[in-house]
Amino acid sequence: MNYGAIKDCDIANGVGVRISLFVSGCTHCCEDCFQPETWDFAYGDEFTDETMDKIINMLSKDYIDGLTILGGEPMEPENQGKVLELILRVREELPEKNIWIYSGYQLDADMLNGKLAECLTTRQILEQIDVLVDGEFEKDKKNIRLKFRGSENQRIIDVQKSLATEQIVLIPELMKMR
C-alpha cells in the first residue's frame with residue numbers, strides 16, 4: 001500500500017484533533033474529487049513499518065483524539081491488509097484513541113453485502129473502528145455546510161452499534177449542518 005500524506009493535528013476529518021492517513025488507490029473516481037491524484041495506487045510513498053511507527057508515535061500525544069484513515073480508498077481490497085495491520089496496532093498500543101474511516105463504499109450495500117463482503121479483512125476492519133463516513137462524493141449533492149462530509153448522501157455511522165443491531169445507526173449530532 002502507498003499513501004499520499006499523513007496529517008498531524010487535523011481537525012477537518014473527524015471529531016477532535018486527529019492524525020489522518022491518506023492512502024493511495026481508489027476505483028470510485030468521483031467527479032470533482034478533492035484529491036484525484038490519490039486514485040493511483042502507486043501515488044506517494046510506500047507504507048512501511050517505519051511509517052506505522054511514525055503514526056503510532058504521533059497518535060501517542062495526549063492531545064490527539066484519534067486516527068482517521070481516508071484517501072484514496074482505504075477499503076479497496078488492495079489496501080485492506082495494511083489498513084487492518086495499522087488499526088490492530090492502534091487498538092493494542094493506544095486503545096483509548098478512536099478510529100474513523102472514510103470510504104466511498106457503503107456499509108450495508110458493499111461492506112456487509114456485495115463486493116467487499118467477500119474480502120476477509122473487511123469485517124475485521126469494521127469490528128475495530130468506531131466511525132465510518134460512507135458513500136461516494138456526489139458533485140450534485142455537495143454541501144460545504146455539512147460536518148465531516150462533502151456531499152449530502154454520505155453518512156456518519158456508529159459502526160459498533162450498527163454491527164450489534166444489524167441496522168445502520170447514524171450519529172445524529174454529526175449529521176447536522178455546521
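This report looks at one buried isoleucine and at the aromatic pairs of a predicted model.

## Ground rules

Residues are numbered from 1 along each chain as its sequence is written. Because the model is predicted, local features need pLDDT of at least 70 and side-chain atom pairs count only at pLDDT 80 or more, while totals for chains, interfaces and linings use all residues; side-chain values use heavy atoms, leaving out hydrogens and water.

## Meet I101

You can find I101 in strand β5 (residues 98–103); strands are DSSP runs of E with at least two residues, numbered from the N terminus. With a relative accessibility of 0%, I101 counts as buried (under 20% relative accessible area, with a 1.4 Å probe and protein chains only).

Leaving aside residues up to four places away in sequence, I101 touches I69, P74, M75, V83, I87, I125, I129, V131, L132 and V133 (contact means heavy atoms within 4.5 Å).

## Aromatic pairs

The structure holds three aromatic pairs (rings of Phe, Tyr and Trp, the last by its six-membered ring, with centres within 6.5 Å). One of them joins Y3 and F47 edge-to-face, at 6.2 Å centre to centre and 90° between the planes; edge-to-face means planes over 60 degrees apart. Y3 sits in strand β1 (residues 2–10) and F47 in the loop between β3 (45–46) and α1 (49–59), so this pair ties together parts 44 residues apart in sequence. Both Y3 and F47 are buried.

The ring centres of W100 and F148 are 5.5 Å apart with planes at 75°, so this pair is edge-to-face. Both W100 and F148 are buried, and ring pairs link W100, Y102 and F148 into a cluster.

Notes:
Helices (H or I, at least four residues) and strands (E, at least two) are DSSP runs, numbered from the N terminus. Buried means under 20% relative accessible area, exposed over 50%, partly exposed in between (1.4 Å probe, protein chains only). Rings of Phe, Tyr and Trp (its six-membered ring) pair if their centres lie within 6.5 Å; planes under 30 degrees apart count as stacked, over 60 as edge-to-face and the rest as tilted.
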